[in-house]
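Visitor: Please take me through one part of this model closely, the side chains with rings. After that, a short look at one further residue would help.

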Amino acid sequence: MLAWWVAFLFRFNFDIPDNFSQSMLESAVWVIPLQALVFLFAGLYRGVWRFASLPDLQRLIRAIAISSALVVAILFMFKPHGVVPRSVLIMDPMLLLLLMGGSRFAYRAWKEHRLYGSAQFSGKPVLVLGAGEAAVALLKDLSKSREWNVVGLLDDKKAMRGRELLGINVLGSIEQLPKLAHALSVEHVIVAMPSARHQRRREVVELANQHGLNVLTVPSFDDLMSGRVSMAQLRPVEVEDLLGREPVTLDGEGLQHLIEGQVVLISGAGGSIGSELCRQVLKYHPQCLVCLDQSEYALYRLEQEFSGLATHTRIEYLVGDVRNARRVQQVLGRYKPDVVFHAAAYKHVPMMENCNVAESLSNNVNGTYTIAQACKNTGVAKFVLISTDKAVNPTNVMGASKRLAEMVCQGLQEDAGTRFVVVRFGNVLGSSGSVIPKFREQIAAGGPITVTHPEITRYFMSIPEACQLVMQAGLMGDGGEIFVLDMGDPVRIVDLARDMIRLSGFNEDDIEIVYSGLRPGEKLYEELLADDELTLPTPHDKLRIAVARNVDEAWVHALLKWIDRASLIDETVIKQELGMWVEEYAGDIHANPALVLPPEVESPTIH
């Protein structure tokens, strides 16, 4: 009503003639209800003014445009009583937009100033490293926080120097951090550089740590997109951030074709790798995901996590041992999976080295054969075995058992039928039994941190990256290949320990590092390829194919007979005989040349 009246006032220089006053009132009788009706249907009265934003403005512009077009159409077609000047028809929508939009945003500005105005200067001073989109989103969230007061931004781009983002100045480059932090009495910095290369982010964190600053970082994009957290939910920089790698590029269309609408079975689904594989597979919308695990508790936790997901995929949680041929055959016969990822295995090296040797061979080799043979019998299109870098020149029983599992898959491969693909990679960050959770516990207890040897090194990658590359290898594999993941550069475990001590706010005077000596079966250096193996490139830059020796199915059956017999003999003898099956095996107890295989398993064929 106000906009309609003011439009007439402007048209007649605030002196409306009597006849046009009458026209204004007569037209207002139908114009105002018409506009109100359009605004009602457009949802303008459902918005909360305190949260008015760009979408509200867009909705307001559409509603005003529609109502104005209707007013003009009615005046032209029906010529109701009263004359409405054309300039009023132009000024009215402009005034509507100004009054309705301005009132909403003015209220929001007043409300936010009242709620958060004093908070901007009450929190701890902090510098934000980065001045991109992530920094803008962070500043919006932190403007409502009473905990932090952003005193400036730092960015490597020269074009950003001296600029201003949401009222916060870009003070200089990141290299100037020590000087500016001292000048502004800042003890905390926030790294908001998700698009920067990993190496650059590591350099930034180390620069801040060297000068005694507390370093925080923003949540990952995966967490933000899932809606689990907001940008303002800051967290300390973890060692995983320093060991992180560049994002993996996947063949999304190919994986969609491999998984979408298919039935996928994952063994060991409750473990670190298996559960992440389940999460990654669900992104490609399979018809059914079958989660198989020996641990009911692990499956329960997985079920609790997935129960809140909005997915059309049917998810089945099945308890079963992969060595139980009847159970495995029953599951495969009922669900008829198109793809099987075999992640179930015993993986803890020292645990498998003593008192569990026969069980390690039984689970990792017999279990692999049982489920692989069942896949072959039921016509599964693709079987993907998850192996380990410890299978290369193994010095321990666990590594030797995984090498035998690889050879079992190669021995079962035929020209047609199920395609068996092996994927080999090193340690994953944060997996069960990983060194990082152990170091965290030791730091929390006040130390010391135990490292087996000052020169021991390992390869690391994140669990999501490993699982993405497992799926990519599964897509690319034609059968019989051993895919080797690009694990990047090896990391010295003692350097990892020092990083974790520093990131926890301590130094080596506070938390001591002690060397406990290599454990049974433990190597100083892990390898990804055996001495007699070569690699071939693939179209994916983080995957290569190991050209390893092959075995035939007769060799596989001979191996299984030996493993059945091994459960009845002494572990020392098992380790001695193991060298006859895995030539690269170099355990603490080497094969005895005087030993011979029993007649029924003699003459294994190796190509």
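Guide: Rings of Phe, Tyr and Trp, the six-membered ring in the case of Trp, count as a pair if their centres lie within 6.5 Å. The model shown here is predicted. By that rule, a search of the whole structure gives seven aromatic pairs. One of them joins Phe12 and Phe20, with 4.7 Å from centre to centre and 40° between the planes. Planes under 30 degrees apart count as stacked and those over 60 as edge-to-face, so a pair in between, at 40°, is called tilted. Phe12 has a relative accessible area of 14%. The limit for buried is under 20%, so Phe12 counts as buried. Elsewhere, Trp555, Trp562 and Trp581 are linked into a cluster by ring pairs.

Rings can also have a charge over them. The ring of Phe76 has the charged end of Lys79 over it, 5.4 Å from the ring centre. Trp148 has Lys124 over its face, and here the distance to the ring centre is 4.7 Å.

The further residue is Gln442, which belongs to helix H17, residues 435-444. Its relative accessibility is 14%, so Gln442 counts as buried. Apart from neighbours within four places in sequence, Gln442 is in contact with Gly447, Pro448, Ile449 and Thr450. With Thr450 there is also a polar contact between the side chains, at 2.9 Å.

Key:
Residues numbered from 1 in each chain as written. Predicted model: local features only at pLDDT ≥ 70, side-chain atom pairs only at ≥ 80, totals over all residues. Heavy atoms only, no water. Helix = DSSP H or I, 4+ residues; strand = E, 2+ residues; numbered from the N terminus. Buried < 20%, exposed > 50% of the residue type's maximum accessible area, 1.4 Å probe, protein only. Polar contact = N/O pair within 3.5 Å; in protein donor to acceptor, adjacent residues only side chain to side chain. Contact = heavy atoms within 4.5 Å. Lys NZ or Arg CZ within 6 Å of the ring centre and 35° of its normal.
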